[in-house]
Amino acid sequence: MLICVDTSGSMQGGAEAVAKAVVLEAMRTAHAQRRACYVYAFGGPEEIVELELGADVAGIGELARFLAQGFRGGTDICGPLERVVARLTESRWQLADLLIASDGEFGATPEVARTVARAKSELGLRVQGVLIGDRETLGLLELADDVFWVRDWRRYGTSDADS
């Protein structure tokens, strides 16, 4: 399982806390299904950190440190998507699914959107989106096969909440 989690400025507070909870649940699900799990946290251009998650005590500690990070700036989905598609060429990740947790306030370039579409048609990539926000956005809708919408995210924290 490959996961892209948005930690840009628009996600700060409750939305980011929900997105990071999604990562925790995805890790739990991957572990239960005996699947590998790799996470990309992203913000603006060139703001990407990544971690392969181990489903043991050390892995949970690494994940806790990893999830404490955030970028707080702009949003660029293209860098993480390019890394995801590159990872799909590795034998270990060829059957991976992609989960994107974001408020959807981004747009992939046409080239990157075509690259993801090719990965879906040629490699069987499935893309699931968790939209944490008040309105649908084209950014996530153009990439995801299915979008799960969390509309009431504000009850999970305020704009100054620490995730």
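## A tour of the cores, a pocket and the cysteines

Start by selecting L143, which touches I77, L81, I100, F106, A108, A113, V116, K120 and V127, leaving aside residues up to four places away in sequence. Keep in mind that you are looking at a predicted model.

Next, colour the group that L143 belongs to. The largest nonpolar core has 27 residues, and L143 is among those with the most contacts inside it, together with L2, I77, L81, L98 and I100. Which elements give two or more residues to this core? Select β1 (2-6), β2 (37-42), α3 (78-87), β4 (98-102), α4 (110-123) and β5 (127-132) to see them. Linger on α3, since this helix gives the most, with 4 residues. Then pick V18, V22, V23 and F66: they are among the 25 residues of another core, which lies apart from the one you just coloured.

Now for an opening. Select M1, D97, L98, L99, R126, Q128, V130 and F148, the residues that line the largest pocket. Two elements you have already met, β4 and β5, each give two or more residues to this lining. The pocket has a volume of about 150 Å³, and its lining divides into 5 nonpolar, 1 polar and 2 charged residues.

Last stop: the cysteines. How many disulfides does the structure hold? The count is 0. Show C37, whose nearest cysteine sulfur, that of C4, is 11 Å away. Is C37 buried or exposed? C37 counts as buried because its relative accessibility is 3%. Then show C78, which is in no disulfide either; here too the nearest cysteine sulfur is that of C4, 11 Å away. At 8% relative accessibility, C78 counts as buried.

Terms used. Residues are numbered from 1 along each chain as its sequence is written. This is a predicted model: local features need pLDDT of at least 70, side-chain atom pairs count only at pLDDT 80 or more; totals for chains, interfaces and linings use all residues. Side-chain values use heavy atoms; hydrogens and water are left out. A nonpolar core is a set of buried Ala, Val, Leu, Ile, Met, Phe, Trp, Tyr and Cys residues joined through side-chain atoms within 4.5 Å. Buried means under 20% relative accessible area, exposed over 50%, partly exposed in between (1.4 Å probe, protein chains only). Contact means heavy atoms within 4.5 Å. On a 1 Å grid over the protein atoms alone, a cavity is a set of points where a 1.4 Å probe fits but cannot get out, and a pocket is an open set with protein on both sides within 12 Å along at least five of seven lines; lining residues have an atom within 4 Å of a point. Grid points are joined across faces, edges and corners, and a volume is the space filled by probe spheres set on the points. Ala, Val, Leu, Ile, Met, Phe, Trp, Tyr, Cys and Pro count as nonpolar, Asp, Glu, Lys and Arg as charged, and the others, Gly among them, as polar. A disulfide is a pair of cysteine sulfur atoms within 2.5 Å.
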